[in-house]
Amino acid sequence: MRPFLATFGAALMRGGLDLVLPPSCLGCRDVIDRPGLCARCWRGLAFLAPPWCSRCGLPFEQAIGAVAICATCAGAPPAFDRARAALRYDDASRPLLLAFKHGDRLEGVPTFAAWLATAAHELLHDVDLIAPVPLHRWRLWSRRYNQAAELARALSKRTGIACAPHLLLRKRATPTQGGLSAQARMRNVAGAFALHADMQVKKRRVLLVDDVYTTGATLDACARVLRRAGAMQIDCVSLARVVRSD
């Protein structure tokens, strides 16, 4: 009886809040009838799907084989095993991501976790631990939350896979990656991450979570730390990724 009453009470509370503060679209902030996106913003999003690079998840214009890899991964294989992303980072998804990252729009996290679970469905069978890309403590203090950690926790809750929000730490406050070339991004994050002293990943399979995959430099730097610590497999999933043709 108590679980029923708790569920009923929670539903009643949500209904009351919706009357006072009706949900707004995560993208344009128009009032909608349920949490999420309005039809216009939903239609504008470009969800990524195969065919893509079997290593980094870069979408291909046409299928060229189930295990095909892109030229970048062929020339300089990343330290992680596989990476996937839910959305193309473009004019439609950018406001959504920026509001989440800088605008305290955390109400979309459960929806984002569902998108991550779909994007990473082929990876989730091989995961022991979910961990976010960390923020430096000063940036965390100014922003008040780590958006990657919020995604990791929600994905953990959705999948039942253990989450280690403090598995990695950012030991150096790196300048923002915005506007840097791929090589400059790699130099910027080189040596910036470390495994937390109390954590062990030897022979474990880790899924790294981040908000945006641009060149993969940050995820690669994190994966190198985990690889040196003995992780058996390292996969990655991001809410969105930049596609080079854009």
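Okay, let's start with one side chain: Trp42 is partly exposed, at a relative accessible area of 46%. Before I go on, a quick reminder that what we have here is a predicted model.

So what does Trp42 pair with? Its partner is Trp115, and the aromatic pair is tilted, with 6.1 Å centre to centre and 55 degrees between the planes. Trp42 sits in helix H2 and Trp115 in helix H5, so this pair ties together parts that are 73 residues apart in sequence. Trp115 itself is buried, with a relative accessible area of 9%.

Trp115 has another ring partner, Phe47, and that aromatic pair is edge-to-face: 5.1 Å centre to centre, 85 degrees between the planes. Phe47 is in the loop between H2 and helix H3 (71-75), so here the pair ties together parts 68 residues apart in sequence. Phe47 is partly exposed, with a relative accessible area of 35%. Put the ring pairs together and you get a cluster of Trp42, Phe47, Phe100, Phe112 and Trp115. In total, the structure holds six aromatic pairs.

Now, Trp115 brings us to H5, residues 109-119. Is that helix mostly covered or mostly open? Mostly covered: eight of its 11 residues are buried. Besides Trp115, the buried ones include Val109, Phe112 and Leu116, along with several alanines such as Ala113 and Ala114. What do they pack against? Quite a list: helix H2 (39-44), strand E1 (82-88), helix H4 (94-102), helix H7 (147-159), strand E5 (205-213) and strand E6 (233-241).

Some of those are strands, so let's turn to the sheet. Four strands make up an open sheet, in the order E1-E6-E5-E2, and the pairing is parallel. At the edges are E1 and strand E2 (129-132), each pairing on one side only. From one strand to the next, the twist averages 20 degrees.

Walk along that sheet with me. E1 pairs with E6 in the parallel sense over six bridges, and Arg88 has Arg241 in E6 as its bridge partner. E1 may be an edge strand, but six of its seven residues are buried, so it is largely enclosed by the rest of the structure. Over on the other side, E2 and E5 pair in the parallel sense over four bridges. There, Ala131 stands opposite Leu208 in E5.

Where does H5 lie relative to the sheet? It lies across E1, E5 and E6, running at about 130 degrees to E6. Helix H9 (residues 217-228) packs on the sheet too, touching E5 and E6, and its direction makes about 165 degrees with that of E5.

Next, H4. Its buried residues are Leu96, Leu97, Ala99 and Phe100. Why do they end up on the same side of H4? Because they cover an arc of only 165 degrees around the axis. Among the elements covering them are H5, H7, E5 and E6. Just after H4 comes Asp104, whose phi is positive, near 60 degrees.

H4 also gives us a way into the charged pairs. Side chains of opposite charge can pair when their charged atoms come close. The count here is 12 salt bridges. In one of them, Asp211 meets Lys101, at 3.6 Å from N to O. That one links distant parts of the chain, with Asp211 in strand E5 and Lys101 in helix H4, 110 residues apart. Asp211 is buried, at a relative accessible area of 4%, whereas Lys101 counts as partly exposed at 25% relative accessibility.

There's also a salt bridge inside H9. Arg224 and Asp220 both lie in that helix, four residues apart, about one turn, and their closest N and O atoms are 2.7 Å apart. Asp220 counts as buried at 10% relative accessibility. And salt bridges that share partners join Arg82, Asp126 and Asp235 into one network.

One last stop: Val133, in the loop between E2 and helix H6 (137-143). Is Val133 buried or exposed? At 3% relative accessibility, Val133 counts as buried. Leaving aside neighbours within four places in sequence, Val133 has contacts that include Asn146, Arg170, Phe193, Val209 and Leu219. Its C-alpha atom is separated by 9.9 Å from that of Cys236, which is 103 residues apart along the chain.

That's the tour, thanks for listening.

Methods:
Residues are numbered from 1 along each chain as its sequence is written. This is a predicted model: local features need pLDDT of at least 70, side-chain atom pairs count only at pLDDT 80 or more; totals for chains, interfaces and linings use all residues. Side-chain values use heavy atoms; hydrogens and water are left out. Buried means under 20% relative accessible area, exposed over 50%, partly exposed in between (1.4 Å probe, protein chains only). Helices (H or I, at least four residues) and strands (E, at least two) are DSSP runs, numbered from the N terminus. Contact means heavy atoms within 4.5 Å. Two strands pair if DSSP finds at least two bridges between them. Axes are lines fitted to C-alpha atoms, for helices over the stretch in contact, and angles run from 0 to 180 degrees between N-to-C directions. The arc is that of the directions from the helix axis to the C-beta atoms. Rings of Phe, Tyr and Trp (its six-membered ring) pair if their centres lie within 6.5 Å; planes under 30 degrees apart count as stacked, over 60 as edge-to-face and the rest as tilted. A salt bridge is a side-chain nitrogen of Lys or Arg within 4 Å of a carboxyl oxygen of Asp or Glu.
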